[in-house]
Amino acid sequence: MNITLITVGKLKEKYLKQGIDEYKKRLGAYAKVNIVEVADEKAPENMSEAEMEEVKRKEGERILAQVNPDAFVITLEIEGKMLRSEQLAKKLDELATYGKSKIMFVIGGSLGISADVQKRSDLALSFSKMTFPHQLMRLVLLEQVYRSFRIMRGEPYHK
């Protein structure tokens, strides 16, 4: 399985890089993992609604330019569907079973993702109704994908 994370902005925090590298290494036994960073758009404080939409549109264009046409796209969205870890594992297993071996997860920028990216999404996934820093979500997502593979293979993993 080929898993790609498309993320907006550069990761700066060393502790997050270390955690992400650890889960990428662990996932190497199960899948090929690639992280693609697209540039974030400069977003000054106190933007109008129209300006925020323009930022999301520009970031969305960069995201969509990286999306493989035959990939199954999962966007992370606050209003997306909430799944238990076992349900995510089942979904990934079903995708692999039915020939969808290219999975692309999209983590938007600080303002979220554009309507065009939402339209391209095959599954909108929510980890919580709370807002998390998008850089931190990279680590959380990779941990959950790793957990999913452990669950799919019936391998032990702490609960």
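In the predicted model, the chain comprises 5 helices and 5 strands. Read from the N terminus, these elements follow the order β-α-β-α-β-α-β-α-β-α. The radius of gyration of the chain is 15 Å, close to the 15 Å given by the globule rule for 159 residues, so the chain is as compact as a globular protein of that length. The C-alpha trace spans about 50 × 35 × 25 Å along its principal axes. Of the 159 residues in the chain, 44% are buried. Among contacts between residues at least 6 apart in sequence, 85% join residues at least 24 apart.

The contacts of individual residues illustrate this arrangement. T7 is found in strand β1, which covers residues 2-8. With a relative accessible area of 0%, T7 is classed as buried because this value falls under the 20% limit. When neighbours within four places in sequence are left aside, T7 is in contact with I35, V36, E37 and V38, and also with I107 and R138. Strand β2 spans residues 32-38, and R138 falls in the range of helix α5, residues 134-152.

The largest pocket encloses about 510 Å³ of space. Its lining is formed by 23 residues, and those that lie nearest the centre of the pocket are L76, E77, I78, G109 and G112. Two or more lining residues are contributed by each of β3 (72-82), β5 (123-126) and α5 (134-152). The largest share, 4 residues, comes from β3. By residue class, the lining divides into 11 nonpolar, 9 polar and 3 charged residues.

S126 is located in strand β5, one of the elements that give two or more residues to the lining of the largest pocket. The residue has a relative accessible area of 4% and is therefore buried, the limit being 20%. A polar contact is formed by the side chain of S126, which reaches the backbone oxygen of I78 at 3.0 Å. Beyond residues up to four places away in sequence, S126 touches E77, I78, G80, K81, M82 and L83. Two of these partners, E77 and I78, also appear among the residues nearest the centre of the largest pocket.

Two loop residues were examined alongside the buried positions. N46 is placed in the loop between β2 (32-38) and α2 (49-66). Its phi is near 60°, a positive value in a residue other than glycine. N46 has a relative accessible area of 78%, and it is classed as exposed because this value is over 50%.

N68 lies in the loop that joins α2 to β3. Its relative accessible area of 25% lies between the limits of 20% and 50%, so N68 is partly exposed. Apart from residues up to four places away in sequence, N68 touches K102, M104 and R120. The C-alpha atoms of N68 and I103 are 9.1 Å apart in space, while the two residues are 35 residues apart in sequence.

How values were computed. Residues are numbered from 1 along each chain as its sequence is written. This is a predicted model: local features need pLDDT of at least 70, side-chain atom pairs count only at pLDDT 80 or more; totals for chains, interfaces and linings use all residues. Side-chain values use heavy atoms; hydrogens and water are left out. Buried means under 20% relative accessible area, exposed over 50%, partly exposed in between (1.4 Å probe, protein chains only). Contact means heavy atoms within 4.5 Å. On a 1 Å grid over the protein atoms alone, a cavity is a set of points where a 1.4 Å probe fits but cannot get out, and a pocket is an open set with protein on both sides within 12 Å along at least five of seven lines; lining residues have an atom within 4 Å of a point. Grid points are joined across faces, edges and corners, and a volume is the space filled by probe spheres set on the points. Ala, Val, Leu, Ile, Met, Phe, Trp, Tyr, Cys and Pro count as nonpolar, Asp, Glu, Lys and Arg as charged, and the others, Gly among them, as polar. A polar contact is a pair of N or O atoms within 3.5 Å; within protein, one must be able to donate a hydrogen and the other to accept it, and residues adjacent in sequence count only if both atoms are side-chain atoms. The radius of gyration is taken over C-alpha atoms; the globule rule is 2.2 Å times the number of residues to the power 0.38.
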